Amino acid sequence: MRSIRRTIDRRGLADIGLTCLAVFFIGLSYGAIAVASGFPLWVPAALSVLVLAGASEFLFIGIVAAGGSPIAAALAGLLVNSRHLPYGLALPPGVTGRGWRRLLGTHVMNDESVVFALAQPDPERKRAAYWACGLGVLACWPGGAVFGALIGAALHDTNAFGLDAMFPAVILALIVKDLRDARTRRAALAGAAIALAATPFLPAGLPVLLGLAALVLTP
Amino acid sequence: MKEPTTLVVAGLAVLSAGTYAARLSGQLLRARITFPPRVARLLEAAAVILLAALVATTALTEGHGFSGFARPAGVLVAGVLAWRKAPFLVVVLAAAAVTALLRVLGVS
């Protein structure tokens, strides 16, 4: 942790802290929704630690609660999580750690840790930001989920506080730097349009992957 | 929970193991092949495109349909603020505040 504090400035750490706080609040609503749908506490708790990928867990809980098979729900969740493969391709080698640390470094790969890593200018700071955010999410997502499951019914609709707008806002704020490049912006907008157009017709997760077709616009 | 516990545990195991495999395989592929700098840049652009597509779908859709106006309006305000280099805290809180305010006013 000391090396993390040395390499990222205070503002960078504050940004990561705020993102983790947002993750905690989304975790609260996730845990509360899970128990309200009839799951015992251990289901959202185990999912949040072992899967550690919010969107796929919401989907898993939703499908099983609606009477779907848990295996079908797992496959749907995997489709949503398939974007982690291109994330692994995009990260420079060494960011996720070396040797045994990489076992954990691989597990903490998520939208937030990847986007914070990409936003840093050099490999050492990419690694520091990736780990700070990854470990923060590893603490806050399960923490939020368990706390949310415990207070369950006491928690009212978290959407009322606009918390659902925080996740896209965090990601958008962090890719804005890349979007200043006209070519990247064009490709990103095209990718977003493709994903939106495909959403009504394809299972969750696929539209985002399909957005990759916009890569042809980046020569 | 209507489903038998063993089946839920099996689904949980499939989802966790598969997700870990997705996280690992991209890195292994990257370590095995040395990409020319141009391709490395392309891979980073791919991540930005994925993230942009994720922003669009999480801001504008819920399930297979439209999410309503409140959430995308909040994200739009956040985007404008971020473009104008507002601090991260302001950007993220503005998204939540605008969305919450619109819902108080009855805009879903």
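Which residues is Ala149(A) in contact with, leaving aside its neighbours within four places in sequence? The first legend answers this question.

The views come from a predicted model, in which local features need pLDDT of at least 70, side-chain atom pairs count only at pLDDT 80 or more, and totals for chains, interfaces and linings use all residues. Residues are numbered from 1 along each chain as its sequence is written, while chains are lettered from A and ligands numbered from 1 in the order in which they are written.

**View 1. Surroundings of Ala149(A) in helix α9 of chain A.** Helices (H or I, at least four residues) and strands (E, at least two) are DSSP runs, numbered from the N terminus. Leaving aside neighbours within four places in sequence, Ala149(A) is in contact with Gly31(A), Ala32(A), Ala34(A), Val35(A), Leu41(A), Pro44(A) and Ala45(A); two residues are in contact if their C-beta atoms, placed from the backbone, lie within 7 Å. A residue is buried if 20 or more other C-beta atoms lie within 10 Å of its own, exposed if 12 or fewer, and partly exposed in between, with C-beta atoms placed from the backbone. Ala149(A) counts as buried because it has 26 C-beta neighbours inside 10 Å. Ala36(A) is 113 residues from Ala149(A) in sequence, and their C-alpha atoms are 8.4 Å apart in space.

**View 2. Helix α9 of chain A and Cys133(A) within it.** Helix α9(A) covers residues 123-151. The expected span of a helix is 1.5 Å times one less than its number of residues. The 29 residues of α9(A) should therefore span 42 Å, and the end C-alpha atoms are 41 Å apart, which agrees. Just after α9(A), Gly152(A) has a positive phi of about 35 degrees. Within the helix, Cys133(A) counts as buried, because 29 C-beta neighbours lie inside 10 Å. Apart from neighbours within four places in sequence, the contacts of Cys133(A) are Ile16(A), Thr19(A), Glu112(A), Ser113(A) and Phe116(A). Phe201(A), 68 residues from Cys133(A) along the chain, is separated from Cys133(A) by 34 Å between C-alpha atoms.

**View 3. Helix α11 of chain A and what covers it.** Helix α11(A), residues 182-198, has 17 residues and reaches 24 Å from its first C-alpha to its last, close to the 24 Å expected at 1.5 Å a residue. Its buried residues are Thr184(A), Ala187(A), Ala188(A), Ala190(A), Gly191(A), Ala192(A), Ile194(A) and Ala195(A). The cover over these residues includes α10 (166-179) and α12 (206-210) of chain A, together with α2 (37-60) of chain B.

**View 4. Helix α3 of chain B.** The 14 residues of α3(B) should span 20 Å at 1.5 Å a residue, and the end C-alpha atoms are 20 Å apart, which agrees. Among the buried residues of α3(B) are Gly74(B), Val75(B) and Ala78(B). What covers the buried residues includes α10 of chain A together with α2 and α4 of chain B. After α3(B) comes Lys85(B), with a positive phi near 65 degrees.

**View 5. The contact between chains A and B.** Chain B gives 62 residues to the contact and chain A gives 75 residues. On the side of chain B that touches chain A, the elements giving two or more residues are α1 (5-32), α2, α3 (70-83) and α4 (88-104) of chain B. The largest share of that side, 20 residues, comes from α1(B). By class, the side of chain B that touches chain A has 40 nonpolar, 15 polar and seven charged residues; Ala, Val, Leu, Ile, Met, Phe, Trp, Tyr, Cys and Pro count as nonpolar, Asp, Glu, Lys and Arg as charged, and the others, Gly among them, as polar.

**View 6. Ala169(A) and the largest nonpolar core.** A nonpolar core is a set of buried Ala, Val, Leu, Ile, Met, Phe, Trp, Tyr and Cys residues joined through C-beta atoms within 7 Å. Of the 104 residues in the largest core, Ala169(A), Ile49(B), Ala78(B) and Ala95(B) touch the most other members. Helix α2(B) gives the most to this core, with 14 residues. Not counting residues up to four places away in sequence, Ala169(A) touches Gly74(B), Val75(B), Ala78(B), Val91(B), Val92(B) and Ala95(B).
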